[in-house]
Amino acid sequence: MKPTTQSTDGTSFHDSVINCSLSTLKKVLGEPSYDANDGQDKVNFDWDMETSNGDVFTVYDWKEYRSLNENEMIEWHIGGMSRSVTEQAKREIREAIAKV
């Protein structure tokens, strides 16, 4: 899993989520591609990533409509081109979190 330079256009939510803090996600995914954290939009943070086999995915908070605290537990959505991609991304994120 790594940040991607590929386009994430066309990714969508396929019911894959992960629960963790913003600080944990930053440790495993790096700095987000989008960081507004003002609660003014549907998304405060968004990461553009790719799985170990090169499939693109995104990770983002959805409709929190408030600033997020670094250490609170948040339900993060995982977007991809298919359910199999988002589930693979979820497995890779969980593996990375387990090592933190």
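## Exercises on helix α1, an aromatic cluster and backbone angles

Just after α1, Gly30 adopts a positive phi of about 90 degrees; helices here are DSSP runs of H or I with at least four residues, strands are runs of E with at least two, and both are numbered from the N terminus. The model is predicted, with local features requiring pLDDT of at least 70 and side-chain atom pairs pLDDT 80 or more, while totals for chains, interfaces and linings use all residues. Residues are numbered from 1 along each chain as its sequence is written, and side-chain values use heavy atoms, with hydrogens and water left out.

**Exercise 1.** Establish which residues of α1 are buried, and identify what covers them.

*Solution.* Begin with the term itself: buried means under 20% relative accessible area, exposed over 50%, and partly exposed in between, with a 1.4 Å probe and protein chains only. Applied to α1, this gives Leu22, Ser23, Thr24, Leu25, Lys26, Val28 and Leu29 as the buried residues. Because seven of the eight residues of the helix (residues 22–29) are buried, α1 is largely enclosed by the rest of the structure. Next, look for the covering elements, which include the strands β1 (2–3), β2 (12–21), β4 (45–50), β5 (56–61) and β6 (73–80), together with helix α2 (83–98).

**Exercise 2.** Describe the packing of α1 against α2 by the geometry of their axes and by the residues that meet.

*Solution.* Two packed helices are described by the angle between their axes and the distance between the axes. Each axis is a line fitted to C-alpha atoms, for helices over the stretch in contact, and angles run from 0 to 180 degrees between N-to-C directions. The axes of α1 and α2 come within 9 Å and cross at roughly 100 degrees. That makes α1 roughly perpendicular to α2, since angles of 65 to 115 degrees count as roughly perpendicular, those under 35 as roughly parallel, those over 145 as roughly antiparallel and the rest as oblique. Turning to the residues in contact (heavy atoms within 4.5 Å), Thr24, Leu25, Val28 and Leu29 of α1 meet Ile93, Ala96 and Ile97 of α2. The residues of this contact divide into six nonpolar, one polar and no charged, where Ala, Val, Leu, Ile, Met, Phe, Trp, Tyr, Cys and Pro count as nonpolar, Asp, Glu, Lys and Arg as charged, and the others, Gly among them, as polar.

**Exercise 3.** Classify the ring pairs that link Phe45, Trp47 and Trp76 into a cluster.

*Solution.* Rings of Phe, Tyr and Trp (its six-membered ring) pair if their centres lie within 6.5 Å; planes under 30 degrees apart count as stacked, over 60 as edge-to-face and the rest as tilted. The structure holds four aromatic pairs. One of them, Phe45 with Trp47, is stacked, at 6.3 Å centre to centre and 25 degrees between the planes. The rings of Phe45 and Trp76 have their centres 6.5 Å apart and their planes at 65 degrees, so this pair is edge-to-face. The latter pair links distant parts of the chain, with Phe45 in strand β4 and Trp76 in strand β6, 31 residues apart. Phe45 and Trp76 are both buried, and Trp47, with a relative accessible area of 1%, is buried as well.

**Exercise 4.** Locate Asp15 and Tyr65, and state their phi values and exposure.

*Solution.* Most residues other than glycine have a negative phi. Asp15, in strand β2, has a positive phi near 70 degrees and is exposed, with a relative accessible area of 56%. Tyr65, in the loop between β5 and β6, has a positive phi of about 50 degrees and, at 46% relative accessibility, counts as partly exposed.
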